[in-house]
Amino acid sequence: MDFAARIIGASREGCGAYIGYFLRHWAHKKDAFDDVLEAFVDNFMKPGNLDGGFAHYRASHQGRIAMMKGEAPALDPIGIPTCVRWTEADPLFPFAWTDRLAETFADLDLAMFPAAGHFPHREDPERASREIAAFFDRIGWGHPTV
């Protein structure tokens with residue numbers, strides 16, 4: 001709704017409650033953002049930031065609906081090596097939804113990222129870093145030697 005950003009941003013407390021709800025609800029490790037929640041609130045309380053976030057969802061809504069109805073245009077698969085670590089406990093995007101990723105990514109390295117929700121980079125940052133580095137090493141885009 002057009003008025004959502006005004007309601008959420010009407011107070012720091014309201015913004016914190018809204019942002020905190022999603023960070024906790026979508027995370028498997030419910031305290032993953034506790035130490036940085038205030039930084040999120042600081043950012044979203046800046047003029048235009050809540051509006052920009054909601055604008056993204058409004059702008060992409062029609063495309064998401066077309067995709068869900070099977071009406072999105074068919075595209076050629078992406079040939080660039082692609083690494084996807086899909087989390088085990090994401091309440092928004094179940095791992096079962098990975099069944100068709102190979103149709104989009106021709107060179108896909110897919111694996112489950114266990115014990116994490118929607119935010120694996122925050123819930124298990126060391127493992128996320130290792131997974132990313134290992135992928136780039138496998139495809140020859142690793143760290144240069146000095």
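Guide: A helix here is a DSSP run of H or I, at least four residues long, numbered from the N terminus. The model is predicted.

Visitor: Which helices supply at least two residues each to the lining of the second largest pocket?

Guide: They are α2 (12-26), α3 (37-44) and α4. The pocket has a volume of about 510 Å³. Its lining has 17 residues, and Y18, I19, F22, W26 and Y57 are the closest to its centre.

Visitor: What makes up that lining, by class?

Guide: It divides into 14 nonpolar, two polar and one charged. Tyr and Trp count as nonpolar here.

Visitor: And what lines the largest pocket?

Guide: 21 residues do, with M67, A72, R100, L101 and T104 nearest the centre. By class, 13 are nonpolar, two polar and six charged. α4 (49-68) and α5 (101-104) each give at least two of them. The space comes to about 1,000 Å³.

Visitor: How do you know whether the span of α7 agrees with its residue count?

Guide: α7 covers residues 125-138, 14 in number. At 1.5 Å a residue, the expected span is 20 Å. The end C-alpha atoms lie 20 Å apart, so the two agree.

Visitor: Which residues of α7 are called buried, and why do they line one face?

Guide: Buried means under 20% relative accessible area. R127, A128, E131 and F135 qualify. Down the axis of α7, the buried residues fall within an arc of 105°, so they line one face. An α-helix has 3.6 residues a turn, so residues three or four places apart point the same way.

Visitor: What covers the buried residues of α7, and what does the opposite face carry?

Guide: The cover includes β1 (82-87), β2 (108-113) and α6 (120-123). The face turned away carries E126 and R130, both exposed.

Notes
Residues are numbered from 1 along each chain as its sequence is written. This is a predicted model: local features need pLDDT of at least 70, side-chain atom pairs count only at pLDDT 80 or more; totals for chains, interfaces and linings use all residues. Side-chain values use heavy atoms; hydrogens and water are left out. On a 1 Å grid over the protein atoms alone, a cavity is a set of points where a 1.4 Å probe fits but cannot get out, and a pocket is an open set with protein on both sides within 12 Å along at least five of seven lines; lining residues have an atom within 4 Å of a point. Grid points are joined across faces, edges and corners, and a volume is the space filled by probe spheres set on the points. The expected span of a helix is 1.5 Å times one less than its number of residues. Buried means under 20% relative accessible area, exposed over 50%, partly exposed in between (1.4 Å probe, protein chains only). The arc is that of the directions from the helix axis to the C-beta atoms. Contact means heavy atoms within 4.5 Å.
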